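Hi everyone, thanks for coming. I'd like to walk you through one structure today, so let's put it up on the screen.

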Amino acid sequence: MPPLRLDRILSEYTSYSRRDGAELIRKGRVCADGAVCRDPSAKFDPEGLYLAVDGSERILHESNTFLLNKPAGFVSATEDPRERTVLELIREEDRFPALFPAGRLDKDTTGLLILTSDGALCHRVISPSRKVWKTYRAAVSGRLTEEDAAAFAAGLAIDGGEICRPAGLAILSAGAESEALVRICEGKYHQVKRMFAARGKTVLRLHREAVGRLDLTAGPAPGQYRRLDPEETALLFEDPEPLP
Ligand code: URA
């Protein structure tokens, strides 16, 4: 990354404005790579920089992309007047101003949610034209059949007349309650629930297992999150293994 002025680094990577950041620097309250720096115009490469304000240290990263294992009960938003948001699950020092959920999981849906401060990455994850596959495990009321799978594969018409892109449905168990893996490459509002509703089924539980080839097998635990490195982030855009 090209070097940036320290006051700009503070304004881009912390919640301080450029003016407040410059003031903190002049007062000697900012350390960069272990030494106090009182010059707001001093330049540093932000990637991997050890930055401390009033002794509270953090390592900067060019992009902040986190993998959250979302529990039920949180909405996928940065703020909400009534509900708890997924941002509340992120520690204060990681709540970068531009941090945003890349797509939405409903309040009662659990599982893999990406939060990123990289707008282009966010767009790439959610844009249907990029064909990023999202895999869900769903428990539904009623018996799933191969006709349901064929209808998913053909492109379902859901309520309101919207047509879904062809989707995958792998039935894991069928009975009064059935379990299945569902794979879609778009994110219409309540899409999976509306797809099952179009087939006369109600979703009882919904859990996102994977986006692309990135899944939750290496953690984190429900309610926890971890930073993704560039190699793991790239897995989001790889085609997953075929459904069973
Ligand atoms: N589809 C839904 O219906 N809900 C979600 O949370 C995600 C996909």
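Before I point at any loop, a word on the labels: helices and strands here are DSSP runs, numbered from the N terminus, and a strand takes at least two residues. Please also keep in mind that this is a predicted model.

With that naming in hand, have a look at Proline 220, which is found in the loop between β16 (214-215) and β17 (225-227). What kind of peptide bond joins glycine 219 and proline 220? A cis one, with omega at about 10 degrees.

There is another backbone detail to show you, at aspartate 33. This residue has its place in the loop between β2 (30-32) and β3 (35-36). Its phi is near 50 degrees, which is a positive value in a residue other than glycine.

Now let's zoom out for a moment. The domain assignment splits the protein chain into domain 1, covering 4-59, and domain 2, covering 63-244. Taken over C-alpha atoms, the centres of domain 1 and domain 2 are separated by 37 Å.

On to the ligand, then. Where does it sit? The space taken by the ligand is the largest pocket. Going round it, you meet Leu105, Asp106, Thr109 and Tyr136, then His190, Gln191, Val192 and Lys193, and also Leu206. If you prefer to see that shell by class, it has four nonpolar, three polar and two charged residues. And which helix gives the most to the shell around the ligand? That would be helix α5, residues 191-198, with three residues.

Let me take the backbone contacts one at a time. At aspartate 106, a backbone N or O atom lies 2.7 Å from an oxygen atom of the ligand. For lysine 193, the distance from a backbone N or O atom to a ligand oxygen is 3.0 Å. Glutamine 191 also brings a backbone N or O atom to 3.4 Å from an oxygen atom of the ligand. As for how covered the ligand is, taken alone it exposes 240 Å², and the protein buries 96% of that.

That's my tour, and I'm happy to go back to any part of it. Thanks for listening!

Technical notes
Residues are numbered from 1 along each chain as its sequence is written. This is a predicted model: local features need pLDDT of at least 70, side-chain atom pairs count only at pLDDT 80 or more; totals for chains, interfaces and linings use all residues. Side-chain values use heavy atoms; hydrogens and water are left out. Domain bounds come from an automatic or database domain assignment. A residue is near a molecule or strand if one of its heavy atoms lies within 4 Å of it. A polar contact is a pair of N or O atoms within 3.5 Å; within protein, one must be able to donate a hydrogen and the other to accept it, and residues adjacent in sequence count only if both atoms are side-chain atoms. Accessible areas come from the Shrake-Rupley method with a 1.4 Å probe; for residues, only the protein chains shown count as cover. On a 1 Å grid over the protein atoms alone, a cavity is a set of points where a 1.4 Å probe fits but cannot get out, and a pocket is an open set with protein on both sides within 12 Å along at least five of seven lines; lining residues have an atom within 4 Å of a point. A molecule sits in a cavity or pocket if more than half of its atoms lie within 2 Å of its grid points. Helices (H or I, at least four residues) and strands (E, at least two) are DSSP runs, numbered from the N terminus. Ala, Val, Leu, Ile, Met, Phe, Trp, Tyr, Cys and Pro count as nonpolar, Asp, Glu, Lys and Arg as charged, and the others, Gly among them, as polar.
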